[in-house]
Amino acid sequence: MAEIGKTLLDSGWLSARSTEVELTGTQLTTTHPPTGPTSPWMEAVVPGTVLATLVKNKVVADPFYGLGNEMIIDIADSGREYYTFWFFTKFQCKLSGTQHLDLNFRAINYSAEVYLNGHKKVLPKGMFRRHSLEVTDILNPDGANLLAVLVHPPDHPGSIPPQGGQGGDHEIGKDVATQYVEGWDWIAPVRDRNTGIWDEVSISVTGPVKIIDPHLVSSFFDHYTRVYLHATTELENRSAWVAECSLNIQVTTELDRTVCLVEHLQSQHVSIPSGARIQYTFPQLFFYKPKLWWPNGMGKQSLYNVSVTVDVKGYGESDSWGHLFGFRKIESHIDSATGGRLFKVNGQLIFIRGGNWILSDCLLRLSKERYKTDIKFHADMNLNMIRCWGGGLAERPEFYHYCDVYGLLVWQEFWITGDIDGRGIPVSNPNGPLDHDLFMLCARDTVKLLRNHPSLALWVGGNEQVPPADINTALKNDLKLHPFFENHSENATSVEELSTVFKDPSQYLDGTRVYIQGSMWDGFANGKGDFTDGPYEIQNPEDFFKDGYYKYGFNPEVGSVGMPVAATIRATMPPEGWQIPLFKKLPNGYTEEVSNPIWEYHKYIPYSKPGKVHDQIELYGIPKDLDDFCLKAQLVNYIQYRALLEGWTSRMWSKYTGVLIWKTQNPWSGLRGQFYDHLLDQTAGFYGCRCAAEPIHVQLNLATYFIEVVNTMSEELSNVAIEASVWDLEGACPYYIVFDKLSLPPKKVVSISELKYPKSKNPKPVYFLLLKLYHVSNYSIISRNFYWLHLPGGDYKLLEPYRNKKIPLKITSKTFIKGSSYEIEMNVQNKSKKPDPKTLTYKNNYASRHDDSDFDIASLEPIHDETGEKQRAGLFQKLYGQFSRETDGLKVAEINGSDVGVSFFLNFSIHATKTDHKEGEDTRILPVHYSDNYFSLVPGEEMSIKISFQVPRGVTPRVSLKGWNYHHGGHTVL
């Protein structure tokens with residue numbers, strides 16, 4: 001008897017172009033199976049696309065490298081047959097007489113024929129639908145089974161006009177598929193249009209009765225003290241007799257990593273006629289004061305494990321299903337004060353600071369590991385929402401799992417974009433996809449796939465467009481809110497009272513989340529569908545704070561630059577791509593950047609906007625080479641994105657309810673709009689964003705030069721103080737002031753005082769400003785913010801000679817190792833001067849954050865203690881007791897220097913130690929999580945940086961430190 005449950009078929013796949021295989025599917029799965037990766041067969045990437053398989057086997061150029069994508073034939077030129085591919089694998093499964101087996105494809109693109117042991121089945125069209133085939137009767141008796149799948153590309157792959165454009169010729173919009181694949185202003189065309197088995201394949205063994213798509217909903221009463229869990233599931237009896245079932249639901253929570261507490265266990269008797277498929281709703285489960293799920297920055301992401309099992313009399317356990325579930329309630333409405341859409345979670349207002357997401361990888365090489373990094377990066381940046389853009393994917397359950405874990409609310413769009421569906425140039429597909437029934441089938445199936453995730457916050461019909469009228473009406477109807485979530489009145493005192501009037505909320509398709517018809521409607525942009533999102537280019541940092549910058553309450557897309565570090569350019573481009581732009585002076589005094597053809601192909605966006613914005617890199621002086629250009633670009637990235645979020649937050653609730661940055665990452669090696677590149681190395685903009693989006697944050701209003709404090713939390717913050725110090729390029733502190741005995745009300749922005757140094761006698765043309773918000777009782781830091789500033793009308797060119805300053809540093813490190821996982825704490829101290837006796841904040845001991853849900857070192861803040869290093873080491877030993885090996889004590893590295901001044905723009909990187917290192921070779925270990933990076937230390941100041949990463953087998957890592965004053969190849973500090 002086979003074990004009940006699911007088995008992934010994620011390895012051992014082979015693939016071949018259909019035109020190169022002369023055998024039929026029946027022959028491939030009976031008499032003539034392929035024996036291995038010999039021509040025309042090759043090792044396949046499943047899940048993944050045809051192009052992912054071709055790249056893996058080096059059959060085509062790497063589309064991420066240089067102009068490699070131009071060397072790959074486009075489907076418009078080759079024809080669809082060229083990208084029609086066979087995929088083949090074997091699996092073992094032997095059933096008992098009463099068991100059943102399903103072969104499951106969670107998604108394919110675009111249609112397929114499936115052959116199992118010589119028997120043919122068809123997977124119909126549609127990229128966003130699940131396929132489950134009962135194959136019980138066609139398994140081989142000996143348990144050895146042969147599976148072949150012939151996958152066809154989208155019906156309308158389209159062609160790419162010479163001028164490119166958003167979505168090519170828009171033909172892809174006639175299908176229910178990803179629309180970005182014909183190219184956009186941030187990506188080149190994807191040559192196979194994402195054809196392939198792009199999501200998981202599995203087999204699942206059940207007994208006579210199968211559990212199908214349970215739906216979990218929670219309802220709340222008495223200010224979230226009394227909570228009910230509602231659950232409805234479908235059950236299918238595949239046997240020839242009436243199934244007498246015991247249907248069980250269990251709710252557990254982890255007390256720690258080894259102990260589970262059973263919160264509820266309920267069993268119900270159900271009779272299911274032969275061949276019937278029924279819907280069953282459990283009696284509600286009552287919880288008193290359960291732990292609630294909160295978004296990132298508002299509290300912990302408490303999750304319960306809900307399992308549903310069915311036991312059949314005379315058989316035993318027939319099927320089981322499990323899902324992590326968070327108790328939370330999301331509400332939203334249009335704010336009368338700002339016109340923007342306002343969100344509440346568990347009754348608390350949340351100011352949305354998030355980002356737009358395309359997808360993880362444009363070859364759909366999707367993995368749990370990559371998703372975990374992607375989503376944790378967003379949490380590390382202190383963001384609280386991700387918008388899944390309509391030209392990309394209905395994201396996968398693994399994506400949502402990590403959004404649940406890290407607290408990212410998700411705005412999920414359906415597959416409509418203005419550019420392709422009726423508003424593009426040229427205008428095409430005004431009626432959307434050709435098959436509206438298929439669109440709705442995919443939409444309903446997607447809702448069932450994702451609806452149990454607490455992170456899923458809202459459904460949106462399309463990007464910069466509404467779906468065709470009939471689809472829009474169907475979505476509105478299918479996704480209408482249950483009355484409890486539409487107009488919940490505290491007058492309803494019990495779930496029983498509610499259920500006498502309305503049907504159980506778990507019987508709805510969803511019913512718990514709002515549906516908005518388009519990304520610029522109903523509280524987003526101007527709310528009427530006019531093109532009022534953006535802009536998407538470099539801005540003057542102070543403009544983000546000005547009254548006239550953006551008129552509307554919630555901007556769903558505002559974007560800017562995104563140059564990666566030099567190592568990424570060298571890793572993704574040949575030497576001719578290492579040429580930096582020419583800085584061409586225009587008659588009006590502005591600079592035009594002229595970039596090389598490879599940068600143009602990779603969608604580089606310049607750091608100047610002639611006529612509006614002077615070149616922000618040139619403010620530091622004309623760059624000399626690639627390293628100089630990329631380092632100065634990081635300075636601009638940091639300022640640009642910090643100013644963007646600080647400017648929006650400065651008007652929290654008074655003008656704005658939220659903002660989503662276009663965009664946070666790239667699914668390709670593009671050169672615009674990203675906080676980290678496709679290789680998973682962060683830009684400095686990542687840390688500018690992380691700084692600005694703190695839940696409690698001290699900042700400088702760049703338009704008024706007033707110091708402000710933002711408190712997005714629901715509690716007042718009292719007995720705190722702000723320390724403001726100005727440092728010049730000689731290491732002196734000409735301005736120092738403390739604002740103490742402050743109280744900061746919840747959900748408010750408080751203007752504290754003007755920074756008067758720029759108006760003082762003889763201010764320096766370039767200077768540094770350090771702001772610290774701290775608890776008066778113990779000097780623990782709540783928020784720290786470091787600026788480099790120039791006087792009005794000036795520039796940063798004086799920083800160029802400042803690079804020659806030799807500022808001494810002391811770096812103390814402690815390392816914990818478990819297998820291939822490394823956790824390092826680096827304590828960095830500016831030794832150029834002893835700490836100023838008038839300040840007790842120089843150690844930067846951070847107040848603990850109570851909302852951290854995981855114990856990754858990158859998300860922990862050090863806790864202040866007054867007894868020093870010994871207790872702090874003890875804390876880390878406690879937190880990392882699970883680590884199997886600790887390196888020998890503290891290690892110390894020193895960088896010598898005799899100058900006094902700010903250690904400016906320091907950044908760590910992790911590299912593989914190699915004895916045979918080749919010039920230009922990329923030695924970085926990626927990804928790495930840093931608690932901060934691109935940071936600066938004033939004289940006497942010290943800071944702890946936490947670093948966590950995985951190392952490949954057999955590799956010894958080394959830690960390198962670079963900075964504005966430490967630019968000669970970097971210093972190995974561990």
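**Exercise 1: two helices that meet**

Work out how helix H12 (residues 626–650) and helix H13 (residues 684–692) are oriented in this predicted model.

*Solution.* Start with the axes: those of H12 and H13 come within 7 Å and cross at roughly 30°. Angles under 35 degrees count as roughly parallel, so that is the label for H12 and H13. Next, take the handedness, which is right-handed for this crossing. Finally, list who touches whom: Gln634, Asn637, Tyr638, Tyr641, Arg642, Leu645 and Glu646 of H12 meet Ala684, Gly685, Tyr687, Gly688, Cys689, Cys691 and Ala692 of H13. Sorted by character, the residues of this contact give 8 nonpolar, 4 polar and 2 charged.

**Exercise 2: a covered helix**

Is helix H5 (residues 397–406) mostly covered or mostly uncovered, and which elements cover its buried residues?

*Solution.* Count first: 8 of the 10 residues in H5 are buried, so the helix is mostly covered. The buried ones are Pro397, Glu398, Phe399, Tyr400, Tyr402, Cys403, Asp404 and Tyr406. Then look around them: the cover includes strands S22 (352–357), S23 (385–388), S24 (409–413) and S25 (456–460), together with helices H4 (368–380) and H6 (436–450). To finish, step past the end of H5, where glycine 407 has a positive phi, near 85°.

**Exercise 3: a cysteine without a partner**

Why does cysteine 442 form no disulfide here?

*Solution.* Find the closest cysteine sulfur, which belongs to cysteine 388 and lies 17 Å from that of cysteine 442. A disulfide needs the sulfur atoms within 2.5 Å, so this pair is too far apart for a bond. Cysteine 442 is also buried, at 0% relative accessibility. As a final check, the disulfide count comes to 0.

Notes. Residues are numbered from 1 along each chain as its sequence is written. This is a predicted model: local features need pLDDT of at least 70, side-chain atom pairs count only at pLDDT 80 or more; totals for chains, interfaces and linings use all residues. Side-chain values use heavy atoms; hydrogens and water are left out. Buried means under 20% relative accessible area, exposed over 50%, partly exposed in between (1.4 Å probe, protein chains only). Helices (H or I, at least four residues) and strands (E, at least two) are DSSP runs, numbered from the N terminus. Contact means heavy atoms within 4.5 Å. Axes are lines fitted to C-alpha atoms, for helices over the stretch in contact, and angles run from 0 to 180 degrees between N-to-C directions. Angles under 35 degrees count as roughly parallel, over 145 as roughly antiparallel, 65 to 115 as roughly perpendicular and the rest as oblique. A crossing is left-handed if the near helix is turned anticlockwise from the far one by less than a right angle, and right-handed if clockwise. Ala, Val, Leu, Ile, Met, Phe, Trp, Tyr, Cys and Pro count as nonpolar, Asp, Glu, Lys and Arg as charged, and the others, Gly among them, as polar.
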